[in-house]
Structure formats: C-alpha cells, structure tokens
Amino acid sequence: MLTFIQTGGFFMWPLLACSILTLAIVIERFWVLRKSRVAPKNLLLDVMSRLRDDRMSLDYIREMQATTGLSFIFAAGLLNSKHGRTSMKESMQEAAGHVIHDLERFMSSLGTIAAISPLLGLLGTVVGMIKVFSVLMEQGAGNTALLAGGISEALLTTAAGLGVAIPALVFHRYFSRKIDEVVVSMEQQSTKLVDALHNDRETKAGVGQ
C-alpha cells in the first residue's frame, strides 16, 4: 500500500485522506441513521396507548425529549398539545428541523469528497504527464525508467481518484434516499399523532356540550 502511494506521487496523500474520511462518514451515518434509533417501530403505538390509558407523564415526555429522531419530535408536540392543534404542529415542525439537520450531518462533506476526488486524480495525472514531457525534452525517449515512472504516477492518481469518488457518490445517494424515506415516515407518524390527539379532544368537547 505504501509503495502504491509513493509511486502515485504527492496527490495520493490527499486522496488517501479523502478515502479515510469517506469510510469514517459512512460508518457514522450507518450508525446514526438506524431506523431503531431515528423512528422506532412501535413508538407511535406506545404513545397512543399511554394517552388512551391516561398514563402519559411529564417524566416520560422528558425522556423522549432527551433522545433524537421521532421521539424528540413527539416530545415537542406533546409539551405543546394543550395550546391547540396549530401550536402543536408548529412545535413539531420546529423540532423536525433540528432532527433533519442531524440526519443530514456530514452529507455535504461526503458529496464534496465525491466531487473533488476525481479532480485530485486528474491533477495528479496532469502533473505526471508534465514530468513525462520534461523527461522527453531533457533526455529524449531513451530514459524509459523515468518515462514509465511519470506515466505510472499519472495513471495511479486517476485510478485512485475514481476509486475514492465512486463509493463516496454511491453512499451519498444511498444515504440521501434513506434520509428522505425516514423524513416522510416521521412526517406521517407526526400527523397521525396530531390528528388522533386533537380529534379525540374535539370529540370529547362535542359530547360535553
């Protein structure tokens, strides 16, 4: 590996740094975007059950507020549910903004790596070809070792740049799609909670009259 990097020249080092950063971001995003963490499967059912049985407590809401994802959104809505449907929805939308920001963390960095890695490889290619032509100008075509070194440097940086950019782009698209799906799911469940809670209250108010 070290020989491969040394043969590729200076631009292999920033490409190596990009590959390490890409790997770190991918691992971190897989951990953060777990569905069990962001939008637990039975969370809505549990919340609705507690509301129906009058077991919803402030401690439970605070516990939800200390977590991330859908629990954080639900907690914001429940804390403001007494102020009406509009206030509850606005508080949940504000909380959702914070959650989405957390879900999209490092995505721009991953996209940037996917964009600049081929350019770094291309720059390394250009530098390698410049060395090749410099050897040709100074020593002619007889020094095949130096010519081969310059051409090798040019080809290795191009390959390395694409080798970093392609996985980075694939994972960027994958995580972007996953985030979109999670956001839609959270929006649907939040709407169900608001509708169920306030429709129930409106029904009770109508019966009371």
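Glu28 is a good place to enter this structure: with a relative accessible area of 24%, Glu28 is partly exposed. The model described here is a predicted one. Glu28 forms a salt bridge with Arg29, and the closest N and O atoms of the two are 2.6 Å apart. The partner sits in other surroundings, since Arg29 has a relative accessibility of 0% and therefore counts as buried. The cut-off for that label is a relative accessible area under 20%.

With this pair in view, the overall fold can be introduced. The protein chain contains 9 helices and 0 strands. Read from the N terminus, its elements follow the order α-α-α-α-α-α-α-α-α. The chain has 209 residues, of which 36% count as buried. Its accessible surface amounts to about 12,400 Å², and carbon and sulfur atoms account for 63% of that area. Contacts also reach across the sequence: taking those between residues at least 6 apart, 73% join residues at least 24 apart.

The salt bridges give a closer look at how parts of the chain meet. In general, side chains of opposite charge can pair when their charged atoms come close. Across the whole structure, 6 salt bridges are found, and the pair of Glu28 and Arg29 is one such bridge. Another joins Asp195 to Arg85, with 2.8 Å between the closest N and O atoms. Because Asp195 belongs to helix H9 (residues 144-208) and Arg85 to helix H7 (residues 85-103), this pair ties together parts that are 110 residues apart in sequence. Asp195 is partly exposed, at a relative accessible area of 30%. Arg85 is likewise partly exposed, with a value of 26%.

A further salt bridge stays inside one helix. Arg177 pairs with Glu181, and their closest N and O atoms are 3.4 Å apart. Both residues lie in helix H9, where a spacing of 4 residues corresponds to about one turn of the helix. An α-helix has 3.6 residues a turn, so residues three or four places apart point the same way. Arg177 counts as exposed, at 54% relative accessibility, while Glu181 counts as partly exposed, at 47%.

Helices H7 and H9 appear again around an opening in the model. Rolling a probe the size of a water molecule over the atoms shows where empty space is left. The second largest pocket has a volume of about 280 Å³. It is lined by 14 residues, and those closest to the centre of the pocket are Met92, Gln93, Glu187, Ser190 and Thr191. H7 and H9 are the elements that contribute two or more residues to this lining. The largest share, 7 residues, is supplied by H9.

The surface also carries a nonpolar patch. Leu119, Leu122, Leu123, Val126 and Ile130 make up this patch, and together they have about 460 Å² of accessible area. One of its members, Leu122, is located in helix H8 (residues 107-139). Leu122 is partly exposed, with a relative accessible area of 49%.

Attention can now turn to a helix earlier in the chain and the loop that follows. Helix H4 spans residues 43-52, and its buried residues are Leu43, Leu44, Val47, Ser49 and Arg50. Just after H4 comes Asp54, whose phi is positive, at about 60 degrees. This positive value occurs in a residue other than glycine. Asp54 is found in the loop between H4 and helix H5 (58-65). Its relative accessibility of 69% places Asp54 among the exposed residues, the cut-off for that label being over 50%.

Phe106 offers a second example of a positive phi. This residue is not a glycine, yet its phi is about 70 degrees. Phe106 occupies the loop between H7 and H8. With a relative accessibility of 38%, Phe106 counts as partly exposed.

How values were computed: Residues numbered from 1 in each chain as written. Predicted model: local features only at pLDDT ≥ 70, side-chain atom pairs only at ≥ 80, totals over all residues. Heavy atoms only, no water. Buried < 20%, exposed > 50% of the residue type's maximum accessible area, 1.4 Å probe, protein only. Contact = heavy atoms within 4.5 Å. Areas by Shrake-Rupley, 256 points an atom, 1.4 Å probe, with all protein chains shown as cover. Patch = residues over 30% accessible without salt bridge, like charges linked within 9 Å, V, L, I, M, F, W, Y side chains within 5 Å. Salt bridge = Lys/Arg side-chain N within 4 Å of Asp/Glu carboxyl O. 1 Å grid on protein atoms, 1.4 Å probe; cavity = no way out; pocket = protein on both sides within 12 Å on 5 of 7 lines; lining within 4 Å. Points joined across faces, edges and corners; volume = space filled by probe spheres on them.
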